[in-house]
Amino acid sequence: MATPVAAQTNSVPDYVGSAACSDCHRDATEAWEGSHHAKAWTETDGANVLGDFNNTTFTQNGIMSRFYRDGDAYMIETDGPDGRITRYPVHSVVGVEPLQQYLLETEEGRLQSFDVVWDTEEKRWYHLYPDQELYGGDGLHWTGPYKNWNGRCAECHATDFSKNYSPDTLSYASTQAEIGVGCEACHGPGEAHLAWAEGLETTQEPWTGLTETGLTINMSQGGEVLVQQCASCHARREPFADGNPLPGTGFHDAYRLSTLRDGTYHADGQILEEVYVYGSFLQSKMYAKGVTCSNCHEPHSAELRVEGNGLCTQCHSEAGNTDFPTLALKSYDDPSHHFHPTGSEGALCKNCHMIERDYMVVDGRRDHSFRIPRPDLSIETRSPNACTDCHSDETAAWAAKAVAGWYPDSANRGPHYGQTLAAGRRDVTGSADELAALAEYAALPGIARATALEMLSRVATPALAARLAPMLEDPDPMVRAAAVGLQRGAPEAERAAVLSTMLGDPAKTVRIAAAREFLGLRAIQLPSAISQALSVAMQDWQGSLLAKTDFPETQLVMAGIGLTTRRMDAALRAFGEAVSLDPQLEQGWVMIIRIHDALGNRDAAQEAANRAIEVNPDSIQLSLLRAELQL
């Protein structure tokens with residue numbers, strides 16, 4: 001799936017700022033200025049702030065937030081982490097349309113994303129989570145860990161960002177070369193490139209591994225290089241490092257991409273939560289045929305190359321496109337294809353092939369899997385379909401009948417991986433054979449096959465591990481990484497041998513997956529070369545965890561490691577840090593209570609139960625657990 005892009009260099013040129021690019025690249029600079037990339041994160045000044053700070057107010061859950069000016073400063077008065085009304089100067093600005101968000105510094109270096117935002121189209125303040133009651137001390141409150149800008153968002157809104165979180169002081173000392181997505185965020189640091197442009201013979205020393213023009217990535221290669229660079233931000237993924245990877249780093253060396261998990265995607269792979277395009281695009285026939293982001297989006301302005309159906313008919317027409325010779329040459333922008341009146345909403349390609357969902361309340365984003373509408377699948381998978389998205393008063397059965405009438409002999413109503421994944425969500429054990437067959441079917445998207453393997457890892461058996469061992473050599477790193485997890489079903493002696501071979505995989509995401517599985521093995525004597533490879537992979541995994549110690553979910557992983565290695569002190573520390581970051585993390589409290597009780601410290605268990613219930617007074621689980629301790 002992913003050909004390697006330019007390797008990271010040992011000695012990295014300096015970042016020089018987007019202004020240094022403008023003299024030579026004037027057209028690109030003019031297109032970029034004012035783009036969503038350039039405006040992804042900006043300074044607080046009159047040119048950037050769009051919200052009404054003329055002493056306006058917004059009230060949610062009894063908390064009134066006030067927006068006003070204090071001289072040149074833009075100010076927000078609202079509830080702080082302790083619930084007290086506090087005045088904050090606006091630190092900086094995020095976005096430009098259809099909404100704009102404001103960052104507040106709650107303590108030195110710690111930036112938080114304020115939840116009351118400005119609707120730039122309707123000219124109003126509104127809350128991003130109108131149905132939630134969020135107060136200070138809640139992990140999901142705007143001052144909580146899930147709304148922290150340094151750890152959760154800044155990487156994709158800045159150039160050369162480093163989080164620099166200290167787990168000792170629980171503080172941030174974040175840095176970036178430039179706020180906003182500047183030229184070097186995609187093209188790499190520019191110092192050596194400037195030297196090349198000026199004719200200086202310095203592109204080889206002191207730097208190595210650069211392109212002939214002195215950059216870390218060769219965008220002229222297009223294809224997978226371009227797609228993976230865009231995906232570094234436009235993906236639902238887990239980062240392995242502290243901040244931006246050097247442009248040109250392969251995606252699977254920098255991130256672990258989310259599979260089509262329940263709660264994130266619908267069973268057939270359609271968007272559910274905010275998944276940022278890449279995981280959807282990987283499912284599309286367009287990706288499989290070599291279409292890239294820049295075929296539709298002008299990369300500097302980030303605008304569509306053509307508005308309306310003209311964007312699609314660049315290729316999908318009677319004329320076709322010589323870059324994609326397998327296209328069927330026929331008229332698509334015609335009632336004979338879409339069966340809707342010309343000029344109507346139903347005649348727009350995007351409305352049938354790219355369903356839209358609103359995120360952040362008003363930000364409509366479209367599914368980039370470019371799928372053929374399958375209302376017949378909705379009946380079985382309960383996934384949405386484009387037909388009843390518009391015809392909301394009709395059923396999927398009604399829509400399926402209509403489509404069957406339009407295309408009675410269509411080959412596009414056959415089996416779909418969504419049916420198997422939906423069955424696996426209902427009963428993974430009963431669907432094991434079908435999920436295995438899905439994983440083995442190389443013509444299907446790798447992300448769907450990896451999802452099937454990930455499901456099967458929960459019920460791994462020796463037979464499944466043996467049957468699907470060939471997946472460890474699949475060309476797709478996602479498939480290989482997911483296949484590693486399935487090997488936990490293999491006999492222990494065989495498992496160690498198989499996992500050892502994966503420690504040298506070219507993709508870091510696979511090597512880390514192999515390192516994780518070694519934790520479940522008893523201590524064994526490994527040959528020196530394998531032991532060294534395991535040590536390197538373990539360091540990669542540990543480094544990826546250390547880069548995210550400000551995440552409650554990372555602390556849960558570290559606690560799990562403590563439990564697996566029988567280091568109860570380490571497990572208790574990590575669970576304690578998790579509930580300190582997110583007091584509503586019930587599973588963390590439950591484990592703290594049970595560990596103390598298992599160690600014979602009933603008093604500590606009862607004290608933890610009391611603290612847990614104090615911050616989770618409605619938890620039935622915690623109340624029952626405390627009652628159990630009192631028996």
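**Aromatic and nonpolar packing in a predicted model**

Reader: Which residues form one aromatic cluster?
Author: The structure discussed here is a predicted model. A search of the whole of it finds 18 aromatic pairs. The residues that form one aromatic cluster are Phe53, Phe67, Tyr74, Tyr88, Tyr102, Phe114, Trp118, Trp125 and Trp142.

Reader: Are the planes of Phe67 and Phe114 stacked, tilted or edge-to-face?
Author: Phe67 belongs to strand E3 (residues 63-70), while Phe114 sits in the loop between strand E7 (110-113) and strand E8 (116-119), so that the pair links parts of the chain 47 residues apart. Both Phe67 and Phe114 are buried. Planes from 30 to 60 degrees apart fall between the stacked and edge-to-face classes. With ring centres 6.3 Å apart and planes at 55 degrees, the pair of Phe67 and Phe114 is therefore tilted.

Reader: How do the rings of Trp118 and Trp125 pair, and are these residues buried or exposed?
Author: Because buried means under 20% relative accessible area, Trp118 at 6% is buried, and Trp125 at 9% is buried as well. The ring centres of Trp118 and Trp125 lie 5.0 Å apart, and their planes stand at 65 degrees. Since planes over 60 degrees apart are put in that class, the pair of Trp118 and Trp125 is edge-to-face.

Reader: Which residues touch the most other members of the largest nonpolar core?
Author: The largest nonpolar core has 67 residues. One of its members, Leu468, touches Ala436, Ala439, Glu440, Leu453, Leu456 and Leu486, when residues up to four places away in sequence are not counted. A second, separate core of 21 residues includes Ala571, Ala578, Ala612 and Leu622. In the largest core, the residues that touch the most other members are Leu453 and Leu468.

Reader: How do the residues of the contact of H15 with H16 divide into nonpolar, polar and charged?
Author: Helix H15 (residues 432-440) and helix H16 (residues 446-456) pack at an angle of about 145 degrees with their axes 8 Å apart, and H15 passes H16 in a left-handed crossing. From H15 the contact takes Ala432, Leu435, Ala436, Leu438 and Ala439, and from H16 it takes Ala448, Arg449, Ala452, Leu453, Met455 and Leu456. In soluble globular proteins, nonpolar side chains tend to be buried together. The residues of this contact divide into 10 nonpolar, no polar and one charged.

Reader: What covers the buried residues of helix H18?
Author: Helix H18 (residues 477-486) is mostly covered, with 10 of its 10 residues buried. Among them are Pro477, Met478, Arg480 and Leu486. What covers these buried residues includes helix H6 (251-254), strand E15 (255-257), H16, helix H17 (462-467), helix H19 (492-502) and helix H20 (508-518).

Reader: Which residues is Leu257 in contact with, leaving aside its neighbours within four places in sequence?
Author: Leu257 lies in strand E15 and, at 5% relative accessibility, counts as buried. With neighbours within four places in sequence left aside, Leu257 is in contact with Ala235, Arg236, Arg237, Phe251, Tyr278, Leu282, Ile447 and Met478.

Reader: Where is Pro98, and what is the omega of the peptide bond from Glu97?
Author: Pro98 has its place in the loop between strand E5 (85-94) and strand E6 (99-107). The peptide bond from Glu97 to Pro98 is cis, and its omega is near -5 degrees.

Reader: What is the phi of Asn55?
Author: Asn55 is in the loop between strand E1 (42-43) and strand E2 (56-60), and at 46% relative accessibility Asn55 counts as partly exposed. Although Asn55 is not a glycine, its phi is positive, at about 60 degrees.

Notes: Residues numbered from 1 in each chain as written. Predicted model: local features only at pLDDT ≥ 70, side-chain atom pairs only at ≥ 80, totals over all residues. Heavy atoms only, no water. Core = buried A, V, L, I, M, F, W, Y, C linked by side-chain atoms within 4.5 Å. Buried < 20%, exposed > 50% of the residue type's maximum accessible area, 1.4 Å probe, protein only. Contact = heavy atoms within 4.5 Å. Axes fitted to C-alpha atoms, helices over the stretch in contact; angles between N-to-C directions. Helix = DSSP H or I, 4+ residues; strand = E, 2+ residues; numbered from the N terminus. Left-handed = near helix turned anticlockwise from the far one by under 90°. Nonpolar A, V, L, I, M, F, W, Y, C, P; charged D, E, K, R; others polar. Phe/Tyr/Trp six-rings, centres within 6.5 Å; stacked < 30°, edge-to-face > 60°.
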